[in-house]
Amino acid sequence: MRIGVHAVGRMKAGPERDLAARYFDRFAKTGPAIGLEWAGVAEIAESRAQTAALRKEEEARALGAASQGSALILLDETGKSIGSEAFATRIGEMRDGGARSLLFAIGGADGHDPDLRKTAALVLSFGAMTWPHQIVRVMLAEQLYRAATILSGHPYHRA
């Protein structure tokens, strides 16, 4: 199963970008042995529409075009908070259930469009606090790597 990330906004050079790249690289190296292929990160510019609703709609259209045929997981502070093992189990179930691709979406500053939420396989939260998008990308990269190690039986995750 191919796993990719769709992010609204560009990640500037700096320690967050380096750390995210390090964990995405680890995931890319660990995943193939267990049927998980890294598809990379696609970035789109934030919408410049005049209202939050219009910005969310415009960003959702771009995501909709990118997610054709993929199971969609939205990252959002109002989503469901699950542990690392449950996250790994969910990815494994999607892979074993025949999903060909999975796309994680990090929304813009205004969040995700309500209609997009209805199409998502899961709306996921990394906690009740609001996180900068750069930090969310690092957290997602690490959790994808952790999920791959959990699914492969590697000792990285010590719960």
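Start by selecting strand β1 (residues 2–8) and strand β2: the two pair in the parallel sense, over seven bridges. Keep in mind that this is a predicted model. For one of the contacts, pick Arg2 and look across to β2, where its bridge partner is Glu37.

Now add helix α1 (residues 15–30) to your selection. Together, β1, α1 and β2 make a right-handed β-α-β unit.

Next stop: the aromatic rings. The structure holds five aromatic pairs. Show the side chains of Phe24 and Trp38, and you'll find a stacked pair, with 4.4 Å from centre to centre and 15° between the planes. Phe24 belongs to helix α1 and Trp38 to strand β2 (residues 37–44), so this pair links distant parts of the chain, 14 residues apart. Is Phe24 buried or exposed? It's buried, because its relative accessible area is 6%, and the cut-off for buried is under 20%.

Leave Trp38 on screen and add Phe27. Their ring centres are 6.0 Å apart and the planes meet at 85°, so this pair counts as edge-to-face. Again, helix α1 (Phe27) is tied to strand β2 (Trp38), here across 11 residues of sequence. Phe27 is buried too, because its relative accessibility is 0%.

For the last stop, select Tyr23, Tyr145 and Tyr156. Ring pairs link these three into a cluster. Then bring up Arg26: which ring does its charged end sit over? The ring is that of Tyr145, and the charged end of Arg26 is 5.7 Å from the ring's centre.

Technical notes
Residues are numbered from 1 along each chain as its sequence is written. This is a predicted model: local features need pLDDT of at least 70, side-chain atom pairs count only at pLDDT 80 or more; totals for chains, interfaces and linings use all residues. Side-chain values use heavy atoms; hydrogens and water are left out. Rings of Phe, Tyr and Trp (its six-membered ring) pair if their centres lie within 6.5 Å; planes under 30 degrees apart count as stacked, over 60 as edge-to-face and the rest as tilted. Helices (H or I, at least four residues) and strands (E, at least two) are DSSP runs, numbered from the N terminus. Buried means under 20% relative accessible area, exposed over 50%, partly exposed in between (1.4 Å probe, protein chains only). A charge sits over a ring if NZ of Lys or CZ of Arg is within 6 Å of the ring centre and within 35 degrees of the ring normal. Two strands pair if DSSP finds at least two bridges between them. A crossover is right-handed if, with the strands pointing away from the viewer, the path from the first strand over the helix to the second runs clockwise.
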